[in-house]
Amino acid sequence: MTQLVVTGLHKAFGDHPVLTGVDLEVPAGALTAILGPSGSGKTTLLRVLAGFDRADTGTVTIGGSVVDGRGVHLAPERRRIGYVPQEGSLFPHLTVAANIGFGLPRRARGPATAELLEAVGLAGLGQRYPHQLSGGQQQRVALARALAIRPKIVLLDEPFASLDAHLRASVRADVQALLAETGTTGILVTHDQDEALSTADRVAVLRDGRIAQCDAPQDLYDRPADAEIARFIGDANLIEGVLDRDTVQTILGRLPVEPSGLAPVAPLASGPAAVTSGPATVLIRPEQVELLADGAEPGELPGRVVAYGYHGHDAVVRVRPDLDGDVPVIIVRTLGGRQLPPGSPVTLRARGPVLAWPRP
């Protein structure tokens, strides 16, 4: 069952178009992330879904019923949508329990509030005020308040952005677990790629006012629809190559190409190559590149370290190839080991298959 369907959605503010034909399907009970850079229209899309703003054209359907479009504009309070803003926006003069039960009939507040406090791990804190809670606890209260009305969908507008890194991961996991436990459909707006990939069941990339690609996180990372998405989702080595049927010749040797049966996202992207020969842009992820000792064999590329970043669980090494001309720095992700200072000689070897997009 598809819980939410957005079709041909347009929204402009004056002469400034923000959404220019959004098409999106959100499965029931799943958490879908809307990912895009600042200014891409993420919050505008969320506000249209919530009913705070009205679409210029297009339709929004929730649970099979049109809530926006075709002459219909259902008020926000009639859509059964829970909304969690970035800062939580709790009422400072109300207790935690009163904040959670704010949108409920008076007689239902007591039992529902106690149940939700237990669900978000805040049992016994109902009589505290927001200022007496940590940032993570405040966000849990905001989520409990959104769930109190038993919504069809919960909209989360960058709800973890103001938390520190450790707390952000913890609260994110709590929210993810609670939505799954209650079977609530969730839409998370974020500009953080790691957050989207690690949290959501599906990730939709919003670009130029449209959904450029919507896929499971692993498919989005492994099989981006075009080079721009590849660059936006994680680190990417995008280098020139020459296609020859099912292989591509690059500065890192001849590499096998991922089969071309990857569904392109028309008309925004041509997808990986159906063309079998000619110049191409090749995607090699940093973890596909091995860092070897100096002394290149055929199919390997000598170079020198430009920068070394140690992250504990791994290290990111940037290497400039020993080649003439305008050659891009190659990014390598490897297990953290001995530090390589700038200037260290190394050898690179790539593992396929890779993705390739034909160039004009």
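Okay, let's start with the sheet: six strands make an open sheet, and going across it you read β7, β8, β9, β3, β10, β11, with mixed pairing. At the edges sit β7 and β11, the latter being residues 210-215, and each of those pairs on one side only. From one strand to the next, the twist averages 20 degrees. Oh, and keep in mind that this is a predicted model.

Let's zoom in on one pair in that sheet. Strand β3, residues 31-35, runs parallel to strand β10, residues 202-207, and four bridges join them. If you want a spot to click on, find T32, which stands opposite R202 in β10.

Now, what lies across β3, β7, β8, β9 and β10? That's helix α1, and its direction is about 150 degrees to β8. The helix covers residues 42-50, and seven of its nine residues are buried. The buried ones are K42, T44, L45, L46, V48, L49 and A50. Right after α1 comes G51, with a positive phi near 95 degrees.

While we're on phi, here's a bit of background. Most residues other than glycine have a negative phi, and most peptide bonds are trans. So keep an eye out for the exceptions, because there are a few here.

Take R80. Its phi is positive, about 55 degrees, even though R80 is not a glycine. You'll find R80 in the loop between β6, residues 72-73, and β7, residues 81-84. Is R80 buried, partly exposed or exposed? R80 counts as partly exposed, because its relative accessibility is 41%, and the partly exposed range sits between 20% and 50%.

Then there's R150, another residue other than glycine with a positive phi, this time near 50 degrees. R150 sits in the loop between α4, residues 135-148, and β8, residues 153-157. With a relative accessible area of 59%, R150 is exposed.

And for the peptide bond exception, look at G352 to P353: that bond is cis, with omega near 0 degrees. P353 is in the loop between β20, residues 345-350, and β21, residues 355-358.

Next up, pockets. The largest pocket holds about 470 Å³ of space. Of the 18 residues lining the largest pocket, the closest to its centre are I81, G82, Y83, R145 and I149. Both β7 and α4 supply at least two residues each to that lining. In terms of chemistry, the lining of the largest pocket splits into twelve nonpolar, three polar and three charged residues.

The second largest pocket has about 300 Å³ of space. It is lined by 13 residues, and the ones closest to its centre are E115, L116, L147, R150 and T182. Yes, R150 again, our exposed loop residue! Three elements give two or more residues to the lining of this second largest pocket: α3, which is residues 106-119, plus α4 and α5. Which of them has the largest share of the lining of the second largest pocket? That's α3, with four residues. By class, the lining of the second largest pocket has eight nonpolar, two polar and three charged residues.

There's also a cavity to show you. By the rule used here, the count is one cavity of 30 Å³ or more, and the largest cavity has about 30 Å³ of space. Its lining is made of L31, L156, F160, R172, V175, Q176, L179, L188 and T199. Helix α5, residues 165-182, gives the most to that lining, with four residues. Six of the lining residues of the largest cavity are nonpolar, two are polar and one is charged.

Last stop: strand β12, residues 237-244. In a regular strand, side chains alternate between the two faces of the sheet. In β12, the covered face has N237, I239, G241 and L243, while the uncovered face has L238, E240, V242 and D244.

And who are the neighbours of β12? One is strand β15, residues 277-284, which pairs with β12 in the antiparallel sense over eight bridges. In that pairing, V242 stands opposite P279. Another is strand β13, residues 247-250, also antiparallel to β12, over three bridges. There, D244 has T247 as its bridge partner. The hairpin of β12 and β13 has two residues between the strands, and in it R245 takes a positive phi near 60 degrees.

That's my tour, thanks for listening!

Key: Residues numbered from 1 in each chain as written. Predicted model: local features only at pLDDT ≥ 70, side-chain atom pairs only at ≥ 80, totals over all residues. Heavy atoms only, no water. Buried < 20%, exposed > 50% of the residue type's maximum accessible area, 1.4 Å probe, protein only. 1 Å grid on protein atoms, 1.4 Å probe; cavity = no way out; pocket = protein on both sides within 12 Å on 5 of 7 lines; lining within 4 Å. Points joined across faces, edges and corners; volume = space filled by probe spheres on them. Nonpolar A, V, L, I, M, F, W, Y, C, P; charged D, E, K, R; others polar. Pairing = 2+ DSSP bridges. Axes fitted to C-alpha atoms, helices over the stretch in contact; angles between N-to-C directions. Contact = heavy atoms within 4.5 Å.
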